[in-house]
Amino acid sequence: YLKISKLALAFAIIHSKPPGKSSREYTEYLARTVSEQDFGCKWKVEVLEAEVLRLRQELLLNRISPRFCLENRKQDTSAETLLDRESINPTSYSSQLQDSGCDVCNDSAFDSLGIASDFHQSERNVNTSKYWLERVPPLNLCHTRKEQSLTAPLQFLQCLLEIRKLSEGGMLQADFSELENDSFTICNSVSQLLDGLTVFYNSPKFPAPSFLTEGVRVLISLITDTKLSNHVLKKCFKKMEEFKKNLVQIILRNRNVNRFQALHSVSQTLGLLGRNNILRNSLISLLLSEVRQFAEQLLQAHQVQSVYDITQYENIFLLCMILEQLLQNETEESNISSSDYEGEEKIKFLKNLDQIILHLSDEFPLFSLYLWRVSVLLNSGQMQ
């Protein structure tokens, strides 16, 4: 049936083609016309879907806390968003881009992006509801730039966090059980935020826009909040796992000359995600797998004297540092049992590790040292 349909379509195009045009040219013209129509329809569908999501976000917030939504609407604020404030009053980052970016161990590069400071700032207590209500921008959907698609989910998740803080302080009544009744809204909002952050980390801009650093702050706050994290992780765990895998691949595959400062901010985000106990276990397994696979590939290349990927070799150290940091935090926390890492990836990593270190120690001493340090942390956890 498909072959007959294609043949009938070909005959129809040949019979209906205008004079002066070949069948090929007319077919390409029809293909372009249909493609443009499809693009227009897809764009309209995306706009409508975004509007539906925005309305569902407002409805969910109203169900959780009607008083918050009422007072938030009373605020005399314009449609100014984080993006608008960024364009009107950009933050100065005089020392943002350094020539080589090799100083990856310095946390100032990450702090200069505002992510770490914003995260710590979010943990401070707030005494009055007026501050929280005024700092939340109105729910607003923008379509002019790709980055602006982040504002709707970001503002919605901001509102959730503000309601959570106000309710915790007894200044606002809120019913977060409504999140169970509308999993679509929370899942799509978190998914859009994660997709937007992934796009940014794939092609970072300096200075970093404030709404992107705010996006990281909101994400970390969501997964560390005792009441909201359960809803977010239960409904968006697969998406969160995909986000972590994307960040790891961004680190491994980046080949830009001045890439280390941007990759350091990605590694800091992974480290912050690892503060959550559920995400930490899966993140450590992911990092163990990537480091082990690279070590095996490097050993094979060394044994046959073949060329290895020097860029990936440089980038793998960031993963090693993240892995060491997470394992170090793990051993320092007595409330986490050592059995958390009794898994397949740990066994694979430790298997034949001594032989790998022995063969690579002369040619790659620093990488061998990192492998040894990780193995010590894994074995120390096993002995506890």
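Trainee: What joins the side chains of Thr185 and Asp182?

Mentor: In this predicted model, the side chains of Thr185 and Asp182 are joined by a polar contact of 2.8 Å, and that value falls inside the 3.5 Å limit for a pair of N or O atoms.

Trainee: How do you know that Thr185, which lies in helix α10 (residues 183-202), counts as buried?

Mentor: The relative accessibility of Thr185 is 0%, and buried means under 20%, so Thr185 is called buried. Leaving out residues up to four places away in sequence, Thr185 touches Leu53, Arg56, Gln57, Leu60 and Phe156. The C-alpha atoms of Thr185 and Leu59 are 9.9 Å apart, although 126 residues separate the two in sequence.

Trainee: Which backbone oxygen lies 3.0 Å from a polar atom of the side chain of Thr269?

Mentor: That backbone oxygen belongs to Ser265. Thr269 itself is found in helix α13 (residues 260-273), and with a relative accessible area of 1%, set against the cut-off of under 20%, Thr269 is buried.

Trainee: Why is the pair of Tyr313 and Phe317 called edge-to-face?

Mentor: The structure holds eleven aromatic pairs. In the pair of Tyr313 and Phe317, the ring centres are 5.2 Å apart and the planes stand at 85°; rings pair if their centres lie within 6.5 Å, and planes over 60 degrees apart count as edge-to-face, so this pair earns the name. Tyr313 and Phe317 are four residues apart in helix α15 (residues 310-332), and therefore about one helical turn separates them. Both residues are buried.

Trainee: What makes Tyr313 and Phe367 an aromatic pair that is edge-to-face?

Mentor: Their rings are 6.2 Å apart from centre to centre, with 65° between the planes, and these values meet the limits of within 6.5 Å and over 60 degrees. Because Tyr313 lies in helix α15 and Phe367 in helix α18 (residues 365-383), the pair ties together parts that are 54 residues apart in sequence. Tyr313 has a relative accessible area of 12% and is buried, while Phe367, at 0% relative accessibility, also counts as buried. Tyr313, Phe317 and Phe367 belong to one aromatic cluster, in which Phe294, Tyr308, Phe364 and Tyr370 also take part.

Trainee: How do you know that the charged end of Arg373 sits over the ring of Tyr370?

Mentor: The charged end of Arg373 is 5.6 Å from the centre of the Tyr370 ring, and the distance limit is within 6 Å, with a further limit of within 35 degrees of the ring normal. Lys21 likewise lies over the face of Tyr29, at 4.5 Å from the ring centre.

Trainee: Which residues have the most contacts inside the largest nonpolar core?

Mentor: That core has 81 residues, and those with the most contacts inside it are Leu157, Leu160, Leu273, Leu319, Phe367 and Leu371. At least three residues of this core come from each of domain 1 (143-275) and domain 2 (281-331 + 342-383). Apart from its neighbours within four places in sequence, Leu157 is in contact with Ile186, Ser189, Val190, Leu193, Val218 and Leu222. In soluble globular proteins, nonpolar side chains tend to be buried together.

Trainee: How many helices and strands are there in the protein chain?

Mentor: The protein chain has 18 helices and zero strands, and of its 384 residues, 44% count as buried. Among contacts between residues at least 6 apart in sequence, 79% join residues at least 24 apart.

Terms used
Residues numbered from 1 in each chain as written. Predicted model: local features only at pLDDT ≥ 70, side-chain atom pairs only at ≥ 80, totals over all residues. Heavy atoms only, no water. Phe/Tyr/Trp six-rings, centres within 6.5 Å; stacked < 30°, edge-to-face > 60°. Helix = DSSP H or I, 4+ residues; strand = E, 2+ residues; numbered from the N terminus. Buried < 20%, exposed > 50% of the residue type's maximum accessible area, 1.4 Å probe, protein only. Polar contact = N/O pair within 3.5 Å; in protein donor to acceptor, adjacent residues only side chain to side chain. Core = buried A, V, L, I, M, F, W, Y, C linked by side-chain atoms within 4.5 Å. Domains from an automatic or database assignment. Contact = heavy atoms within 4.5 Å.
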